[in-house]
Amino acid sequence: MKWDESNIIIGIKKGEQIAFKQLFLEYYSTICHFLFRILNDFSLAEDVAQEIFMKIWIKRLSLDESKSIKGLLYVMAKNAALNLLRQKKQHIVRGIGDLNLASDKRADDAAQLLGDVSHEGFIHGDTGVELLGRGCEGI
């Protein structure tokens with residue numbers, strides 16, 4: 001049998017593993033390279049490509065033989081890669097947010113300390129010696 005896109009989709013919809021194998025052999029490598037250009041991680045690109053082909057097999061009954069399987073694979077790859085990058089970005093932003101919270105906490109602690117000191121006399125024009133007490137005047 002000649003494997004054109006329509007025959008591949010029809011075969012996959014029927015559950016023919018040979019049709020799925022043909023799809024995989026024809027497009028897996030190019031999808032991996034496409035994903036690598038987006039993700040800059042070949043191992044991750046391979047993982048995402050494998051997930052895409054698994055989704056194709058799982059949802060094979062909903063495939064439309066009048067549409068391009070190649071186009072579907074590229075759209076699925078692009079969406080999966082962008083979702084992954086979005087998740088990574090959110091993880092990084094959360095990490096930065098945690099650092100900012102820690103930094104804000106230190107800044108609040110410093111402000112509290114300075115506030116406590118200022119209430120003890122700096123605002124009122126006292127010198128450091130006056131704040132330390134009269135026993136430290138000779139230092």
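Which residues does Ile-56 touch, not counting residues up to four places away in sequence?

**View 1. Surroundings of Ile-56 in the predicted model.** Ile-56 touches Phe-20, Leu-23, Leu-63, Ile-69, Leu-72, Leu-73 and Met-76, with residues up to four places away in sequence left out of the count. Ile-56 is also among the residues with the most contacts inside the largest nonpolar core.

**View 2. The largest nonpolar core.** This core has 27 residues, and those with the most contacts inside it are Leu-23, Leu-35, Ile-56, Ile-69 and Leu-73. At least two core residues come from each of α1 (5-13), α2 (17-39), α3 (42-58) and α4 (69-122). The largest share is that of α2, which supplies ten residues.

**View 3. Leu-35 and its contacts.** Leu-35 is part of helix α2. Its relative accessibility is 0%, so Leu-35 counts as buried. Apart from neighbours within four places in sequence, Leu-35 is in contact with Asn-40, Ala-45, Val-48, Ala-49, Ile-52, Ala-77 and Ala-81. One of these residues, Ala-77, is 42 residues from Leu-35 in sequence, while the C-alpha atoms of the two are 6.6 Å apart in space.

**View 4. The buried face of α1.** The buried residues of α1 are Ile-8, Ile-9, Gly-11 and Ile-12. Viewed down the axis of α1, these residues fall within an arc of 165°, so they line one face of the helix. Gly-15, just after α1, has a positive phi of about 85°.

**View 5. Packing of α1 against α2.** Two packed helices are described by the angle between their axes and by the distance between the axes. For α1 and α2 the angle is about 135° and the axes are 8 Å apart. The angle makes α1 oblique to α2. On the α1 side, the residues that meet α2 are Glu-5, Ile-8, Gly-11 and Ile-12. Their partners in α2 are Ala-19, Phe-20, Gln-22, Leu-23, Glu-26 and Tyr-27. Of the residues named here, Ile-8, Gly-11 and Ile-12 are buried, and Leu-23 is among the core residues with the most contacts.

**View 6. The whole chain, for orientation.** The protein chain holds five helices and zero strands, and its elements run α-α-α-α-α from the N terminus on. Of the 139 residues in the chain, 23% are buried. The chain exposes about 9800 Å², of which carbon and sulfur atoms supply 58%. Among contacts between residues at least 6 apart in sequence, 54% join residues at least 24 apart.

Terms used
Residues are numbered from 1 along each chain as its sequence is written. This is a predicted model: local features need pLDDT of at least 70, side-chain atom pairs count only at pLDDT 80 or more; totals for chains, interfaces and linings use all residues. Side-chain values use heavy atoms; hydrogens and water are left out. A nonpolar core is a set of buried Ala, Val, Leu, Ile, Met, Phe, Trp, Tyr and Cys residues joined through side-chain atoms within 4.5 Å. Buried means under 20% relative accessible area, exposed over 50%, partly exposed in between (1.4 Å probe, protein chains only). Helices (H or I, at least four residues) and strands (E, at least two) are DSSP runs, numbered from the N terminus. Contact means heavy atoms within 4.5 Å. The arc is that of the directions from the helix axis to the C-beta atoms. Accessible areas come from the Shrake-Rupley method with a 1.4 Å probe; for residues, only the protein chains shown count as cover. Axes are lines fitted to C-alpha atoms, for helices over the stretch in contact, and angles run from 0 to 180 degrees between N-to-C directions. Angles under 35 degrees count as roughly parallel, over 145 as roughly antiparallel, 65 to 115 as roughly perpendicular and the rest as oblique.
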